[in-house]
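This briefing concerns the structure shown below. It takes up one helix, the packing of the interior and the relation between the chains.

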Protein chains: 2
Amino acid sequence: MRIALLGGTGDIGKGLALRWGRDTDHGIVLGSRDPEKARSAADEYEATLESRGVETKITGFVNEMAADRADVAVLAVPAYHLTDTVETVAAKLDDTVLVTPAVGMKRDEEGFHYNPPPGGSVSSLAADAAPDDVPVVGAFHNLAAGGLTDLDTEFDWDTPVFGDDEDAKATVMELADEIEGLRPLDVGGLANASEVEALTPLLINLASQNDGLHDLGVKFW
Amino acid sequence: MRIALLGGTGDIGKGLALRWGRDTDHGIVLGSRDPEKARSAADEYEATLESRGVETKITGFVNEMAADRADVAVLAVPAYHLTDTVETVAAKLDDTVLVTPAVGMKRDEEGFHYNPPPGGSVSSLAADAAPDDVPVVGAFHNLAAGGLTDLDTEFDWDTPVFGDDEDAKATVMELADEIEGLRPLDVGGLANASEVEALTPLLINLASQNDGLHDLGVKFW
């Protein structure tokens, strides 16, 4: 499978590239608005994997080229760049599953707070921006950047996955399941996105208030 | 310590009464709008504990009598009865810590959704209704009723606790910690309530979508 990580030079893109690069044989393509930045990140991630004995080819392109012919494209961009990123790559999406891990948050002196767009979730924003025939799946919201990008951090974490297209959701759950120590959990359709997105500021607040709980993940049972 | 469970005939009140009755020596007082119902529930919980070899006295009163002289009063009532319950007992609160486990939810064909009062959290509603000198602490939102009320269910769960009064929060965290298998986690002040309350519909949605995940709890690490 060919996976494009749009905004792949950020923490989520880096972490998913390293994890899928290490744990699977999927083709990993990084996207960025700046192709030079994408290429240099691709080289860096390849070198990180090589230093661990993993030979894999990671390529880097401008976002629309990275999305071209991708089976799955992850919108690893901040929430405020979600819509323009989807619009940039829209013409290249063809049977491509779009994945959004983005969360909208605001911060005050008390902590982080979930801050969705009016009347919806960040994921529904992505779905509204995407072409009608492109399925949008939410996943990977709750993976702490520090743990995700550090291959020495062994996961024992869950990630809730949601989407209205059952086939697309199944594809993303399989990809999540292929990451060592990560368990995808089905949480229904896009209408259930807000409660998943709100988990991220909760994790950040818990980590900041409790000693020894950095790079916090979650397990449901 | 004297703990009043207002609305103590419901699932959350029952579960906390049984757990504190089994695991601690605190005085447990059930409250209800109907004192007869409170007395009969108290008898039932006592009998349940006795059948497990635990001798403890649980009493039942109308809510305002139960709150009288309580060190801690848990608002174990549905979100839409939070304000009127606080108002009913307000005159009896004297150095009493009010605890709210209530969550506002709505349901549609997709699942459960967090449905807070406009501009705030359910917990801030309780704080607004309480006298100014009565501290409000949020806790126990995410304990599945089925598991909580069944003493055969062994916990290995976390419960996030928040509140603006640090002493009151510490008291409630200690009470939570005394329940076997429950780990309280500090999540800051009342301003951080929404993300905690939103965890409950997420747990319900996860339980309904995934086989084998009934009465779901959560652990952060």
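What should the 13 residues of helix H1 (residues 11–23) of chain B span at 1.5 Å a residue, and how far apart are its end C-alpha atoms? The expected span is 18 Å, and the end C-alpha atoms of H1(B) are 18 Å apart, so the two values agree. The model is a predicted one, and the points below are grouped by topic.

**Helix H1 of chain B**

- H1(B) is mostly covered, with 10 of its 13 residues buried.
- The buried residues of H1(B) are B:Ile12, B:Gly13, B:Lys14, B:Gly15, B:Leu16, B:Ala17, B:Leu18, B:Arg19, B:Trp20 and B:Gly21.
- Among the strands of chain B that cover these buried residues are S1 (2–6), S2 (27–32), S3 (58–62) and S4 (72–75).
- The cover also includes helix H2 (35–50) and helix H6 (145–149) of chain B.

**Nonpolar core**

- In soluble globular proteins, nonpolar side chains tend to be buried together.
- The largest nonpolar core holds 146 residues, of which A:Leu6, A:Leu75, B:Leu6 and B:Leu75 touch the most other members.
- Leaving aside neighbours within four places in sequence, B:Leu75 is in contact with B:Leu6, B:Gly7, B:Leu82, B:Thr85 and B:Val86, among others.
- The contacts of B:Leu75 also include B:Leu98, B:Val99, B:Thr100, B:Ala102 and B:Ala126.

**Relation of the two chains**

- A turn of 180 degrees, with a shift of 0.0 Å along the axis, lays chain B on chain A with an RMSD of 0.0 Å.
- That is the relation of a two-fold axis.
- B:Lys219 has the C-alpha nearest the axis in chain B, at 2.7 Å from it.
- Both copies use the same surface, since 100% of the contact residues of chain B recur in chain A.

**Contact between chains A and B**

- Chain B gives 32 residues to the contact, and chain A gives 32 residues.
- On the side of chain B that touches chain A, at least two residues each come from strand S7 (111–114), strand S10 (182–186), helix H8 (193–197), helix H9 (199–209) and strand S11 (218–220).
- H9(B) supplies the largest share of that side, seven residues.
- The residues on that side of chain B divide into 17 nonpolar, 10 polar and five charged.
- Strand S11 (residues 218–220) of chain A pairs with S11(B) in the antiparallel sense over three bridges.
- Within this pairing, A:Lys219 has B:Lys219 as its bridge partner in S11(B).

Definitions and conventions
Residues are numbered from 1 along each chain as its sequence is written. Chains are lettered from A and ligands numbered from 1 in the order in which they are written. This is a predicted model: local features need pLDDT of at least 70, side-chain atom pairs count only at pLDDT 80 or more; totals for chains, interfaces and linings use all residues. Copies are superposed by least squares on the C-alpha atoms of residues with pLDDT of at least 70 in both. Two residues are in contact if their C-beta atoms, placed from the backbone, lie within 7 Å. Helices (H or I, at least four residues) and strands (E, at least two) are DSSP runs, numbered from the N terminus. Ala, Val, Leu, Ile, Met, Phe, Trp, Tyr, Cys and Pro count as nonpolar, Asp, Glu, Lys and Arg as charged, and the others, Gly among them, as polar. Two strands pair if DSSP finds at least two bridges between them. A nonpolar core is a set of buried Ala, Val, Leu, Ile, Met, Phe, Trp, Tyr and Cys residues joined through C-beta atoms within 7 Å. A residue is buried if 20 or more other C-beta atoms lie within 10 Å of its own, exposed if 12 or fewer, and partly exposed in between; C-beta atoms are placed from the backbone. The expected span of a helix is 1.5 Å times one less than its number of residues.
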